Amino acid sequence: MKILVCLKQVPAKDAPLKLNQAATWIREDVSFETNEPDAFALEAALRLKEAHGGEVVALTLGPARAAQVLREALAKGADRAIHLDAGEAAAGAPPLDAFAIAEAVSRAIAGESYDLILTGLQSDDAGYGQTGVILAELLGAPHATIIMQVEPAGERRIKVKRELESGNFQFVEMPTPAVLTIQSGINKLRYATLMGIKQAKNKPLARMTLEEIGASAGLNRQLVHRLFVPSKSKGTTLISGSAKEQAAALVAHLRNDAHVI
Amino acid sequence: MQAELNPRAGLHADIRAAVRELCGTFGGAYWQEVEAAGGYPEAFVAALTGAGWLTALIPEAYGGGGLTLEEASVILEEINRSGANSGACHAQMYTMGTLLRHGTEAQKQRWLPPLARGELRLQSFAVTEPTAGTDTTRIRTVAQREGDRYLISGQKVWTSRLPHTDLLLLLARTTPLEAVRKRGEGLSVFLLELPPAAEREAAGMSARPIRNMVNHETSEVFFERFAVPAENLIGTEGQGLRCILDGMNAERILIAAECIGDGFWFLERARRYACERVVFERPIGQNQGVQFPIARAYANLLAADLMRYDAAARFDAGQSAGAAANTAKLLAADASWECANVCLQTHGGFGFAAEYDIERKFRETRLYQVAPISTNLILAYLAEHVLGLPRSY
Ligand SMILES: Cc1cc2nc3c(=O)[nH]c(=O)nc-3n(C[C@H](O)[C@H](O)[C@H](O)COP(=O)(O)OP(=O)(O)OC[C@H]3O[C@@H](n4cnc5c(N)ncnc54)[C@H](O)[C@@H]3O)c2cc1C
């Protein structure tokens with residue numbers, strides 16, 4: 001199976017959230033890491049390759065720093081990588097939205113025939129959950145989302161397990177090529193080994209600029225006017241009355257305000 | 001504000017990222033559990049071993065990682081930076097240097113490949129003795145030749161990680177002090193293949209754990225005519241001290257890197273807490289009395305780190321690195337201790353709570369003022385060997 005895994009570099013989970021001056025995106029001066037569901041997508045791809053043979057290609061779209069997620073993917077076992085270099089965004093320039101990213105990816109891989117394209121379920125920064133789905137549409141391929149398991153099911157077919165609400169699952173058989181968006185936590189991630197890192201240095205890492213494939217933020221279908229960091233608010237409410245009244249008031253609070261019961 | 005405190009975070013970024021990712025799966029809760037149980041971080045050490053990090057300095061020809069010392073030092077730095085403790089396993093990195101530099105080809109072929117594959121562990125090093133202290137030439141453990149073997153008798157103390165090693169590097173006297181021309185002669189290094197725990201007593205070896213301030217699983221060890229095949233002698237008989245001293249520069253640089261990792265960990269915690277903790281209706285970090293000590297500790301840490309890279313570069317270039325390595329260890333240990341202290345102070349009472357991990361790291365980094373070499377002895381080295389002052393000991 002020839003598998004493409006799309007990985008995005010996002011601000012690290014514990015990075016302090018600070019907005020750029022135009023308040024249109026997160027500032028660059030934070031630490032970055034591989035988007036969590038994407039790491040599970042890579043792991044799923046590597047396991048498929050180990051079990052059934054094939055090739056795993058890692059792809060990212062982002063500035064120079066984003067190549068780090070590709071080097072990590074190569075160190076973990078991807079065979080080659082493609083960096084869609086977005087260059088350094090001008091201050092205040094809007095990031096590419098899910099449509100523009102999907103469009104750029106579809107152009108970059110035109111001419112290559114993948115059996116499977118895996119993306120994460122959603123990105124930990126923008127959280128659109130759309131890139132994989134739009135990519136499938138642009139490629140004219142079927143897709144399935146929130147995937148927990150993938151296995152081959154005969155010639156050019158796969159069987160996947162989807163997570164639904166309230167602990168339910170759905171099993172779907174579908175033809176390939178297909179696009180799957182992968183859920184976090186579905187397998188145990190491997191570590192990059194020292195040998196893997198050394199071998200990665202000799203694996204191909206192709207770089208294409210967005211201009212080369214004719215992509216830019218101009219393709220965006222969505223305009224972000226302004227972002228807001230949620231303001232933390234603390235308040236103390238004193239509940240008075242008899243024990244019975246207090247208990248009733250507390251339950252009402254937990255149910256209606258805190259939404260925890 | 002700078003997200004990444006370490007200006008050299010881009011150097012060996014791949015190694016850093018991989019080690020951080022691995023260490024990230026062993027969070028503070030893991031270390032607290034290990035501490036509370038008085039246990040050994042076996043899963044952590046196994047993961048590091050499996051990923052090849054602990055055998056990074058074994059040449060590729062023997063199946064190791066073949067990294068430079070600078071690269072290897074980054075591994076330990078990142079382990080400590082992540083909040084973990086390299087002390088659980090760092091010796092694996094530098095002890096094998098003695099075997100590598102002074103072992104015969106047959107010895108290297110015998111031990112290095114299984115070490116590289118993670119099938120064997122060489123992570124204990126028995127030099128220190130209760131009565132000799134830092135004056136290594138006065139150790140009393142003896143190795144007596146008897147046919148094709150040596151019989152070891154004596155007592156070692158502070159032998160760390162003993163329950164978690166297969167091989168033990170040991171320094172013993174093979175010629176009595178009175179019979180040698182120079183004090184440093186007549187000592188020899190042996191690689192002991194430890195029998196299974198149940199058979200040790202019968203073989204003439206017993207050990208007693210030492211309860212202490214940090215979790216290094218350290219023991220006192222007693223030998224009574226413990227037999228070692230003569231082929232396990234490393235290097236030339238009588239020249240063992242030189243074999244050990246030879247490895248010291250690498251050890252100093254690696255320890256310096258651990259201190260640097262600790263320092264960044266402490267400062268990251270300190271600056272975050274100082275920004276978040278509000279007392280008298282302002283973040284405590286707004287007070288210069290709180291922020292200046294943090295800033296100063298940071299400056300000292302960066303300076304020490306430069307010295308560490310300088311020492312590593314000299315070492316890797318095959319230049320004499322003694323002065324630089326000792327200076328790096330001295331400054332880095334001082335800097336990490338300063339960072340630890342300022343971090344604890346910044347956290348006030350919460351710094352003492354085990355769940356913040358600060359008190360544990362505080363104890364762990366304090367060790368580097370004393371072991372593997374105490375600060376005074378480094379100063380004595382610089383005074384005598386670099387500045388040409390009269391030998392003080
Ligand atoms: C947790 C832990 C783990 C350890 N692990 C190991 C291990 O795995 N293997 C091993 O072999 N050893 C190990 N050690 C021992 C360590 O290397 C020694 O403790 C250290 O070298 C100091 O020796 P000492 O304790 O005998 O101190 P001493 O030599 O008794 O020195 C005590 C103090 O006096 C100072 N001093 C001594 N002589 C002079 C002088 N001439 N001038 C100025 N000051 C002087 C020293 O600097 C020190 O501060 C470990 C120690 C600890 C605490």
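**Figure 1. Domain 1 and domain 3 of chain B lie with their centres 20 Å apart, taken over C-alpha atoms.** The model is predicted. The domain assignment splits chain B into domain 1 (13-116), domain 2 (122-238) and domain 3 (242-386). Contacts link 27 residues of domain 1 of chain B with 27 residues of domain 3 of chain B.

**Figure 2. Three helices of chain B each supply at least two residues of the side of domain 1 that touches domain 3.** They are helix H2 (28-36), helix H4 (69-81) and helix H5 (91-102) of chain B. H4(B) gives the largest share of this side, 11 residues. By class, the side of domain 1 of chain B that touches domain 3 of chain B has 13 polar, eight nonpolar and six charged residues.

**Figure 3. The ligand lies between domain 2 and domain 3 of chain B.** Domain 2 (122-238) and domain 3 (242-386) of chain B both give residues to the shell around the ligand, so the ligand sits between them. The shell has 13 nonpolar and 11 polar residues. Charged residues are absent from the shell.

**Figure 4. Five residues of chain B come nearest to the ligand.** Of the 24 residues around the ligand, these are Gly133(B), Thr134(B), Trp158(B), Ser374(B) and Tyr393(B). Strand S1 (122-126), strand S3 (149-159) and helix H12 (375-386) of chain B each give two or more residues to the shell. H12(B) supplies the largest share, three residues.

**Figure 5. Nine strands of chain A form an open sheet with mixed pairing.** The strand order is S9-S8-S7-S10-S6-S1-S4-S5-S11 (chain A). Strand S9 (169-175) and strand S11 (205-209) of chain A stand at the edges. Each has a single partner strand, so one side of each is left without a neighbour in the sheet. On average, neighbouring strands of this sheet are turned by 30 degrees against each other, direction ignored.

**Figure 6. Strand S7 and strand S8 of chain A run antiparallel.** Five bridges join S7 (residues 143-152) of chain A to S8 (residues 157-163) of chain A. Glu151(A) stands opposite Lys159(A) in S8(A).

**Figure 7. Helix H4 of chain A packs on the sheet.** This helix spans residues 131-139 of chain A. H4 of chain A touches strand S6 (116-120), S7 and strand S10 (178-182) of chain A. The direction of H4 of chain A makes about 180 degrees with that of S10(A).

Definitions and conventions:
Residues numbered from 1 in each chain as written. Chains lettered and ligands numbered in written order. Predicted model: local features only at pLDDT ≥ 70, side-chain atom pairs only at ≥ 80, totals over all residues. Pairing = 2+ DSSP bridges. Helix = DSSP H or I, 4+ residues; strand = E, 2+ residues; numbered from the N terminus. Axes fitted to C-alpha atoms, helices over the stretch in contact; angles between N-to-C directions. Contact = placed C-beta atoms within 7 Å. Domains from an automatic or database assignment. Nonpolar A, V, L, I, M, F, W, Y, C, P; charged D, E, K, R; others polar. Near = placed C-beta within 6 Å.
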